[in-house]
Amino acid sequence: MSIQWFPGHMNAAKKEAAEQMENTDLVIEVLDARLPEASCNPMVEELRKFRQRPCLKILNKTDLADPAATAAWKAYYEAQQGVTAYPMSTKHPADVARIPALCQSLAPHRGVPTKPLRIMIMGIPNVGKSTLMNALLKKRVAKVGDEPAVTKIQQKLYLGKHTVLVDTPGMLWPKIAMAGDGMMLAASHAVGSNALIEEEVAEFLANLLLDRYPQLLTARYGFKTEGLDGIAVIEQVAQRRGFRVRGGEFDYEKAAHVLLHDYRTGALGRISLETPETRAAALIQHAAE
Ligand code: GDP
């Protein structure tokens, strides 16, 4: 029986992750490329550094993110944090196909018959972990289709001959360090929100778009953004789209929903909610408050 070194106050998910980490050689941390720091859970770094495990930080959903911001994040993680960052989209099979070799290069001492490479995929909900896992496994299943039958469980776990996916631990929630993080997560649907909060989230998004991507608002809805604030942007969306409630008032709720939907689906264009620069500025402001 192994001795447990984890303090009693450690919550169940963290304890499970810490135990899993012992039997893991490499961590794939999946982040949302549009909001990498807001979509991280610092526990992943804490645990994997404690066990000195290498990490591949996947910046997922690059098909939705601003390419310039994604490039800046890759440079930031590699230069500032010394980890390999891999921008990708699970929608692009070629991106997924590169992952096994990348993992192998980060853990060259593993991946042989006596020492399989054990990979744990971690990340907060909705960043694309299951989609990624399925994409990785589908490739494998396609490749091994004519091999003698193996049990379903084995088939599910083996990525390559000597590469195994370790069970992903339970839910890891984001650590919402600043109010803006909660807004970014809600805008990107990583945390749920009710109708009332949706309007607040839409206003947050509208202000961010005014600041950083005004041209995308104009291109999508056909109004000029000069002099507008977030609320006025949502009113403009309602006006342009003819969203009215009974009595003739603009349907603010519907317009807020459409703005969020257009961001979430990429219909507005490729948008990143934070960059290394905006993150640094937010942290400074947060510390001063
Ligand atoms: P999990 O909770 O981390 O396992 O996330 P899921 O794999 O369930 O994905 C959450 C949502 O994101 C689903 O609607 C996926 O289709 C979507 N998704 C995952 N990866 C990508 C991606 O690279 N691009 C886009 N546009 N959507 C993605």
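# Close-up views of a two-domain chain

**View 1. Two domains and the contact between them.** The C-alpha centres of domain 1 and domain 2 lie 31 Å apart. Domain 1 covers residues 12–166, and domain 2 covers residues 179–288. The contact draws on 20 residues of domain 1 and 15 residues of domain 2. Which helix gives the most to the domain 1 side? Helix α3, residues 67–81, does, with six residues. Sorted by class, the side of domain 1 that touches domain 2 holds twelve nonpolar, three polar and five charged residues.

**View 2. The whole chain.** This is a predicted model. The chain has 13 helices and six strands. It holds 289 residues, and 35% of them count as buried. Contacts also reach along the sequence. Take the contacts between residues at least 6 apart in sequence: 69% of them join residues at least 24 apart.

**View 3. Strand β1, covered on both faces.** How many of the seven residues of β1 are buried? Seven of the seven are, so the strand is largely enclosed by the rest of the structure. One side of β1 carries L26, I28, V30 and D32. The other side carries V27, E29 and L31. Both faces are covered. Note that D32 and E29 are on the buried list too.

**View 4. The neighbours of β1.** Strand β1 spans residues 26–32. It pairs with β2 and with β4. Six bridges join β1 to β2, and the two strands run parallel. Find I28 in β1: its bridge partner in β2 is L56. Four bridges link β1 and β4, again in the parallel sense. Here E29 of β1 has M122 of β4 as its bridge partner.

**View 5. Strand β6 and its two partners.** Strand β6 runs from residue 163 to residue 166. Its covered face has T163 and L165, while V164 and V166 sit on the uncovered face. Strand β4, residues 117–122, pairs with β6 in the parallel sense over four bridges. In this pair, I119 stands opposite L165. Does β5 run parallel or antiparallel to β6? Strand β5, residues 158–160, is antiparallel to β6, and two bridges join them. G160 stands opposite T163 of β6. A hairpin of two residues leads from β5 into β6.

**View 6. Helix α2, with a buried face and an exposed one.** Helix α2 covers residues 42–50, and its buried residues are V44, L47 and R48. Why do these residues line one face of the helix? Seen down the axis of α2, they fall within an arc of 90°, so they share that face. The face turned away from the buried side carries the exposed residues P42, E46, K49 and F50. Several elements help cover the buried residues of α2. They include helix α1 (12–22) and the strands β1, β2 (55–60) and β4.

**View 7. Q52, a loop residue with a positive phi.** Most residues other than glycine have a negative phi. Q52 is not a glycine, yet its phi is positive, at about 55°. Q52 comes just after α2. Its place is in the loop between α2 and β2. Is Q52 buried or exposed? Q52 is exposed, with 6 other C-beta atoms within 10 Å.

**View 8. N126, another loop residue with a positive phi.** N126 is not a glycine either, and its phi is positive, at about 80°. Where does N126 sit? Its place is in the loop between β4 and α6. N126 has 18 C-beta neighbours inside 10 Å, so it counts as partly exposed.

**View 9. The shell around the ligand.** How many residues surround the ligand? The shell has 15 residues. S89, G128, K129, S130 and T131 are the closest. Helix α6, residues 129–143, gives the largest share of the shell, with three residues. By class, the shell has three nonpolar, eight polar and four charged residues.

Definitions and conventions: Residues numbered from 1 in each chain as written. Predicted model: local features only at pLDDT ≥ 70, side-chain atom pairs only at ≥ 80, totals over all residues. Buried ≥ 20, exposed ≤ 12 C-beta atoms within 10 Å, placed from the backbone. Pairing = 2+ DSSP bridges. Near = placed C-beta within 6 Å. Nonpolar A, V, L, I, M, F, W, Y, C, P; charged D, E, K, R; others polar. Domains from an automatic or database assignment. Contact = placed C-beta atoms within 7 Å. Arc of directions from axis to C-beta.
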